[in-house]
Each structure stands twice: as structure tokens, then as C-alpha cells.
Amino acid sequence: MKRKVLAIDDSRTMRGMLSAALTAAGFDVDLAEDGIEGLEALDRSRPDLVITDINMPRLDGFGLIEGARQRENCAGLPILVLSTESGESMKQRARQAGATGWIVKPFDEEKLVQVINRLIA
């Protein structure tokens, strides 16, 4: 059975890049444009892992992570932050919200796939 990844980013280009890279690596990919859409997708998609940007309209990545962690079925769900932000305070805030890891954009496709495989093995 294919593993499913939910990728949430307000950039159409970034969603396309993530979808192409992850599909090529054998994952099923669901996409969402912001945190609100991401939380809705969580309920219907049941992903094995979530990748989220931080800076998004309507609901940012921190809000998405907090919202996901409040769901019983998402308590152990790996959530990776993929952001241009790299400040330690931002990473700390994401960890406190419940993020599993942090990757800085632009991402290396091979490394991203390795991290995902390690987290959902």
C-alpha cells in the first residue's frame, strides 16, 4: 500500500514541486493551500505524514500543527515544517506546537524523501 503525504503550502509552484518529487518517490500526495484547507484535508485524507509551510494566509503552519495535535487520530502523526524561515525561535515555536522536524526551502528532493521514509518507516 502506498504511503500518503499531505503537503500544505500557499505557493502553487511549491505544491507542484512537492507533488512531483513525492509522486516520483512512490507516495500518494494530497495538497492543500493553507492551514484551514490542510485541517479539512487531514480528516478526509488520513495521511501518514504532513509537510507544512509556516507563512500562509487564513491559518499559518503553527495553527495547523496545533489544530492537528488536538485531533485524537493525529497525536502521533509526523509533521514536517518546510519553510524559508530558519530562525531558532521559529523552530522552537514549531517544536512546542508539535512539529516533528524542520526543513529549510529550497529543499533537496532526495534528502526530503529520506527524512519522510525515516519518519514513517
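Colleague: Where do I start with strand E4, and how many bridges join E4 to E5?

Modeller: Start with the pairing. Strand E4 covers residues 79-83, and 4 bridges join E4 to E5. The two strands run parallel. Keep in mind that this is a predicted model.

Colleague: Which residue of E5 is the bridge partner of Leu 82?

Modeller: Look across to Ile 103, which is the bridge partner of Leu 82. Then step along to Ser 83, which stands opposite Val 104 in E5.

Colleague: What joins E3 to E4?

Modeller: Here you find 3 bridges, and E3 and E4 also run parallel. Ile 51 stands opposite Leu 80 in E4.

Colleague: How does the chain get from E3 to E4?

Modeller: Follow the path through a helix. The chain leaves E3, passes through helix H3 (residues 61-69) and enters E4. This β-α-β crossover is right-handed.

Colleague: Which helix belongs to the β-α-β unit of E4 and E5?

Modeller: That is helix H4, residues 88-97. Together with E4 and E5, H4 makes a right-handed β-α-β unit.

Colleague: Now the whole sheet. In what order do the strands lie?

Modeller: Read the order across the sheet, not along the chain. The 5 strands are ordered E2-E1-E3-E4-E5. The sheet is open, and the pairing is parallel.

Colleague: Which strands stand at the edges?

Modeller: Strand E2 (28-32) and strand E5 (101-104) do. Each has a single partner strand, so one side of each is left without a neighbour in the sheet. Also check the twist: on average, neighbouring strands are turned by 20° against each other, direction ignored.

Colleague: What does helix H2 touch on the sheet?

Modeller: Helix H2, residues 35-45, packs on the sheet and touches strand E1 (4-8), E2 and strand E3 (49-52). Compare directions too: that of H2 makes about 165° with that of E1.

Colleague: Back to E4. How many of its residues are buried?

Modeller: Buried means under 20% relative accessible area. In E4, 5 of its 5 residues are buried. Now sort them by face. Ile 79, Val 81 and Ser 83 lie on one side, with Leu 80 and Leu 82 on the other. Both faces of E4 are covered.

Colleague: Next, salt bridges. How many are there by the usual rule?

Modeller: For this rule, a side-chain nitrogen of Lys or Arg must be within 4 Å of a carboxyl oxygen of Asp or Glu. The count comes to 7 salt bridges.

Colleague: What is the partner of Asp 9, and where do the two residues sit?

Modeller: Lys 105 forms a salt bridge with Asp 9, and their closest N and O atoms are 2.7 Å apart. Lys 105 sits in the loop between E5 and helix H5 (109-119). Asp 9 is in the loop between E1 and helix H1 (12-24). The pair is 96 residues apart and links distant parts of the chain. Both residues are buried.

Colleague: Which salt bridge does Asp 53 form?

Modeller: Asp 53 pairs with Lys 105, at 3.6 Å between the closest N and O atoms. Asp 53 lies in the loop between E3 and H3, 52 residues apart from Lys 105. Both Asp 53 and Lys 105 are buried. Through shared partners, salt bridges join Asp 9, Asp 53 and Lys 105 into one network.

Colleague: And Asp 43: which side chain does it meet in a salt bridge?

Modeller: That of Arg 71, at 2.9 Å from N to O. Asp 43 is in helix H2, while Arg 71 is in the loop between H3 and E4. Asp 43 has 40% relative accessibility, so Asp 43 counts as partly exposed. Arg 71, at 22%, also counts as partly exposed.

How values were computed
Residues numbered from 1 in each chain as written. Predicted model: local features only at pLDDT ≥ 70, side-chain atom pairs only at ≥ 80, totals over all residues. Heavy atoms only, no water. Pairing = 2+ DSSP bridges. Helix = DSSP H or I, 4+ residues; strand = E, 2+ residues; numbered from the N terminus. Axes fitted to C-alpha atoms, helices over the stretch in contact; angles between N-to-C directions. Contact = heavy atoms within 4.5 Å. Buried < 20%, exposed > 50% of the residue type's maximum accessible area, 1.4 Å probe, protein only. Right-handed = clockwise from strand over helix to strand, strands pointing away.
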